[in-house]
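The following exercises introduce a single protein chain. Each task is followed by a solution that proceeds step by step.

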Amino acid sequence: MTEQSTIRRIAVSTGGGDAPGLNAVIRAVVLGALKEGWEVFGVKNSYEGLLDLDGLMPLTRESVKGITHRGGTILGTTNKGNPFDYPVKQEDGTVVTEDRSDLVVSNFKKAGLDALVSIGGDGSLSIANKFFKKGIPVIGVPKTIDNDLMATDFTFGFDTAVSTATDAIDKLHPTAEAHQRVMCVELMGRYAGWIALYAGFAGTADVILLPEIPFDIEKVCEKVREREARGRMFTIVVVAEGAKPKGGEMATKGKEVGREVRLGGIAEQVADAIGARMNKETRSLVLGHLQRGGNPSTFDRALGLRFGGAAVRAVKAGEFGSMVALRGGDVLTVSLEEATKEMKAVPLDHDIVQTARSFGVSFGD
Ligand code: F6P
């Protein structure tokens with residue numbers, strides 16, 4: 001373990017899908033590190049920047065001026081450049097993967113870096129943990145709009161994504177009502193239904209379909225009929241991208257070598273299935289990457305700044321192999337190994353699920 005006194009130069013990277021609040025973390029890491037008298041380098045485009053020494057950029061007070069409120073990441077990111085399973089295009093156009101992790105470790109050492117603050121979701125943090133085991137002193141910072149990391153109550157990015165999704169659901173209500181339609185909106189979240197649950201609840205959706213609760217399309221139609229019997233001729237259905245019918249599969253967009261499968265298309269399937277079963281006009285939309293865009297909410301900015309500050313303190317204390325986390329209102333550190341062990345799914349007895357059910361919201365089960 002690198003001793004506190006030996007820290008001179010650290011790097012910070014952002015990996016995986018971007019999430020509003022990344023720049024706030026970067027700013028806090030840079031300002032905190034400069035205060036300690038350390039040099040700071042940004043790793044460009046996730047771990048890609050360590051496959052090549054040109055991938056490091058010096059970060060100064062000037063570099064992080066006025067970025068706290070900006071979405072995206074000044075460092076760039078990717079969700080397809082895992083150095084342990086790196087996709088390489090062959091002459092015949094096919095793609096194979098190779099392990100380039102040793103190159104990352106040797107470039108890290110050549111650059112004279114003493115620690116890496118790796119900001120990422122489950123994928124990037126699992127990679128960070130592997131690098132820790134290969135000798136890179138790493139501190140993880142949890143980010144993802146999906147909020148699916150077990151060790152932290154919330155990840156930054158989630159609150160902003162939920163606000164965007166809730167705003168979209170609010171906007172669907174009047175047009176659904178005017179045309180007496182069933183509107184199905186697909187929200188991100190991968191294999192966890194957090195965004196759909198929070199936005200569907202706050203946006204007063206009538207049906208919320210989550211990956212955690214496989215749905216029966218007949219139950220969804222029942223809810224539409226029940227509303228019509230009460231004179232409510234429109235229905236809002238929020239569909240998590242990972243939702244699936246009972247006994248069925250998630251809707252996917254295909255799989256590229258060296259990256260995770262892309263989800264998408266379930267809202268359209270649900271809308272078509274309702275349309276086919278009922279004499280009802282249906283429409284579907286996919287909110288998509290709008291949920292990752294925009295300025296971070298106050299909560300996400302503050303959480304990002306808190307996580308960045310805590311990451312610097314963890315580097316100083318030599319707590320490598322750990323991740324900063326929010327637990328019960330406090331920011332603390334947990335082991336990266338623990339943090340990346342399992343995904344945080346929506347518990348079936350979550351209070352929002354219980355309260356929504358008590359209001360008559362259908363989960364399609
Ligand atoms: O993990 C964040 C996320 O936005 C997921 O909710 C979504 O499934 C995925 O990334 C989309 O990835 P891409 O940017 O590659 O389309």
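**Exercise 1.** Determine how many positive and negative side chains the chain has, and how far apart the centres of the two sets lie.

*Solution.* The model is a predicted one. Counting the charged side chains gives 44 positive and 47 negative. The centres of these two sets lie 3 Å apart.

**Exercise 2.** State how many helices and strands the chain has, and explain why it is as compact as a globular protein of that length.

*Solution.* The chain contains 10 helices and 13 strands. Its radius of gyration is 22 Å, and the globule rule gives 21 Å for 365 residues; the two values are close, so the chain is as compact as a globular protein of that length. Along the principal axes, its C-alpha atoms fill a box of roughly 70 × 50 × 35 Å.

**Exercise 3.** Find what share of the residues is buried and what share of the exposed area carbon and sulfur atoms supply.

*Solution.* Of the 365 residues, 55% are buried. The chain exposes about 15,400 Å², and carbon and sulfur atoms supply 49% of that area.

**Exercise 4.** Locate Thr-155 and decide whether it is buried or exposed.

*Solution.* Thr-155 belongs to the loop between strand 7 (138-142) and helix 4 (158-179). Its relative accessible area is 0%. Buried means under 20%, so Thr-155 is buried. Its side chain reaches the backbone oxygen of Thr-144 at 2.6 Å. Leaving aside residues up to four places away in sequence, Thr-155 touches several residues, including Pro-142, Asn-147, Asp-300 and Leu-303.

Note on methods
Residues are numbered from 1 along each chain as its sequence is written. This is a predicted model: local features need pLDDT of at least 70, side-chain atom pairs count only at pLDDT 80 or more; totals for chains, interfaces and linings use all residues. Side-chain values use heavy atoms; hydrogens and water are left out. Helices (H or I, at least four residues) and strands (E, at least two) are DSSP runs, numbered from the N terminus. The radius of gyration is taken over C-alpha atoms; the globule rule is 2.2 Å times the number of residues to the power 0.38. Buried means under 20% relative accessible area, exposed over 50%, partly exposed in between (1.4 Å probe, protein chains only). Accessible areas come from the Shrake-Rupley method with a 1.4 Å probe; for residues, only the protein chains shown count as cover. Lys and Arg count as positive and Asp and Glu as negative; His and the chain ends are not counted. The place of a charge is taken as NZ of Lys, CZ of Arg, CG of Asp or CD of Glu. A polar contact is a pair of N or O atoms within 3.5 Å; within protein, one must be able to donate a hydrogen and the other to accept it, and residues adjacent in sequence count only if both atoms are side-chain atoms. Contact means heavy atoms within 4.5 Å.
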